[in-house]
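Welcome! Please take a moment to look over the structure below, and then we will walk through it together.

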Amino acid sequence: MYRKTAEDLLAFLDACPTAFHAAEAMKETLLSKGFVFLKENERWVLKEGQGYFTMRNGSSLIAFTIPKGGVSSFRIMASHSDSPTFRIKENPEVCVENQFVMLNVEKYGGAILSSWLDRPLSVAGRVVVKEDDEFVQKLVNIERDLLIIPNLAIHINKSINEGYSYNPQKDMMPIFGDITAKGTFLKTVAEAAGVKEEEILGHDLYLYNRQKGTVWGAGKEFIASPRLDDLNCAYLSLQGFLQGKKEKHAALHCVFDNEEVGSSTRQGAASTFLKDTLLRIAECLKMSREDLQIAVAQSFMVSADNAHALHPAHTDKADPVNRPHLNKGIVIKFSADQNYCSDGLSAAMFRDICHKTGADYQFFHNRSDQRGGATLGNLSVLQMPFITVDIGLPSLAMHAPYEVAGIKDHESFVKAACGLFE
């Protein structure tokens, strides 16, 4: 079963080079399952026993179900749709000595810069055009090897293996073509989007790694793919959401954009997107403000973002005791300075779900002399004070363009998500 889950996950990852593609793919899945799309700029009418979803910016999505008998509490799983990469700037073409055309890019998120070099890349994202006096998003994916960021040869940069500080402006610009490519980049983008170049009024375009995901290892026990952080949690959360019975609680599957750059956007976890959705649900169901506050107080949220597995060559970087391993289950993440939301109560609630569903789990703490990263949970609860636990799947090479995870851990994740949504 877990091998089939891995294959489906890899197919999803391959089809979703950007947050916009991931949100669109989930939208199509939800529509095929009978969910109703609700636009934020239109009035909502909700019925008990029905599933709905809404989107913001084309890159964030919240799906929810209304149980028969009304809403007394919420069960929420939240993840994010974006990954570290490079964004294409305006006026992107840079001509070099009348020989090369390079693309001007800027770093998006905390990418491991060196791992982006010397590999086939392409461009995906969205363009915005105007149709019938409305601004319309068109997805773009140039599905061919289009770009490479070449390293400087070791003969010229002899200290490269002694540690090199890559300059994002100088070292990370990809080559688009020789000088004959001058003036053709936006035309190439327009063709991929199915529009005319002069119709493009705006764009959000990013580099992506062209290498497809794979199952690997002596016993085919690992997977590797671009964008495992965090589309694996987003995809598996959706599977658990769809498979769970969702009878006792209002169930929400939330996927936010821009976690990798702090979540402080209108579609990020720090925005009012989740709060606005819950307020509209309450209003449509004729719940009072106090009814909603009571429901929130009785609710539980799982913030799902990847976790660091023990690196076999750097075992000293892990906590002496809490050392997550690949294929040993979901990671429950703790932080004394509250980079993660997990505490005794929320961890107990999630462990109880794991016990009931047979999902494997383990624990993560940073070494006490190291500060780790944060995630979306502690930002979401600033808007709605849910009891929240931070979890993730153990991974290696987090924030590289090709990350590693354990093939068996996905089964535990889906089991736990089904348990949450029971």
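Let us start with a single residue, Thr65, which lies in strand E3, residues 60–65. Keep in mind as you look around that this is a predicted model. Is Thr65 buried or exposed? With a relative accessible area of 8%, Thr65 is buried, because anything under 20% counts as such. Leaving aside residues up to four places away in sequence, Thr65 touches Phe35, Gln50, Gly51, Phe241, Lys246, Ala250 and Ala251. Two of those names, Phe35 and Phe241, are worth remembering. Together with Phe421, Phe35 and Phe241 belong to a cluster that is linked by ring pairs.

That brings us to aromatic rings. The count of aromatic pairs comes to 15. One of them is formed by Tyr108 and Tyr206, whose ring centres are 5.7 Å apart, with 75° between the planes, an edge-to-face arrangement. This pair links distant parts of the chain: Tyr108 sits in strand E6 (residues 100–108) and Tyr206 in strand E10 (residues 202–209), 98 residues apart. How buried are the two partners? Tyr108 is buried, with a relative accessible area of 10%, and Tyr206 is buried too, at 12%.

Another pair to find is Tyr340 with Phe364. The centres of these two rings lie 6.5 Å apart and their planes stand at 70°, so this pair is edge-to-face. Tyr340 is in the loop between strand E16 (330–333) and helix H7 (344–357), while Phe364 is in strand E17 (residues 361–364), so the pair ties together parts that are 24 residues apart in sequence. Both Tyr340 and Phe364 are buried.

Now let us turn to the helices, beginning with H4. Which angle do the axes of helix H4 (residues 228–243) and helix H9 (residues 409–420) make where they cross? They cross at roughly 45° and come within 8 Å of each other, which means that H4 is oblique to H9. H4 passes H9 in a right-handed crossing. On the H4 side, the contact is made by Asn232, Cys233, Leu236, Ser237, Gln239, Gly240 and Gln243, and on the H9 side by His410, Phe413, Val414, Ala417 and Cys418. Sorted by class, the residues of this contact are 6 nonpolar and 6 polar, with no charged ones.

H4 also has a partner in helix H1, which spans residues 2–15. The axes of H1 and H4 come within 10 Å and cross at roughly 120°, and therefore H1 is oblique to H4. This crossing is right-handed. Here Thr5, Asp8, Leu9, Phe12 and Leu13 of H1 meet Leu228, Leu231, Asn232, Tyr235 and Leu236 of H4. The residues of this contact divide into 7 nonpolar, 2 polar and 1 charged. If Asn232 and Leu236 sound familiar, look back at H9: both are part of the contact of H4 with that helix.

Our last stop is H7 with H9. How do these two helices pack? Their axes are 9 Å apart, at an angle of about 110°, so H7 is roughly perpendicular to H9. Phe350, Ile353, Cys354 and Thr357 of H7 make the contact with Lys415, Ala416, Gly419 and Leu420 of H9. By class, this contact has 5 nonpolar, 2 polar and 1 charged residues.

Technical notes:
Residues are numbered from 1 along each chain as its sequence is written. This is a predicted model: local features need pLDDT of at least 70, side-chain atom pairs count only at pLDDT 80 or more; totals for chains, interfaces and linings use all residues. Side-chain values use heavy atoms; hydrogens and water are left out. Axes are lines fitted to C-alpha atoms, for helices over the stretch in contact, and angles run from 0 to 180 degrees between N-to-C directions. Helices (H or I, at least four residues) and strands (E, at least two) are DSSP runs, numbered from the N terminus. Angles under 35 degrees count as roughly parallel, over 145 as roughly antiparallel, 65 to 115 as roughly perpendicular and the rest as oblique. A crossing is left-handed if the near helix is turned anticlockwise from the far one by less than a right angle, and right-handed if clockwise. Contact means heavy atoms within 4.5 Å. Ala, Val, Leu, Ile, Met, Phe, Trp, Tyr, Cys and Pro count as nonpolar, Asp, Glu, Lys and Arg as charged, and the others, Gly among them, as polar. Rings of Phe, Tyr and Trp (its six-membered ring) pair if their centres lie within 6.5 Å; planes under 30 degrees apart count as stacked, over 60 as edge-to-face and the rest as tilted. Buried means under 20% relative accessible area, exposed over 50%, partly exposed in between (1.4 Å probe, protein chains only).
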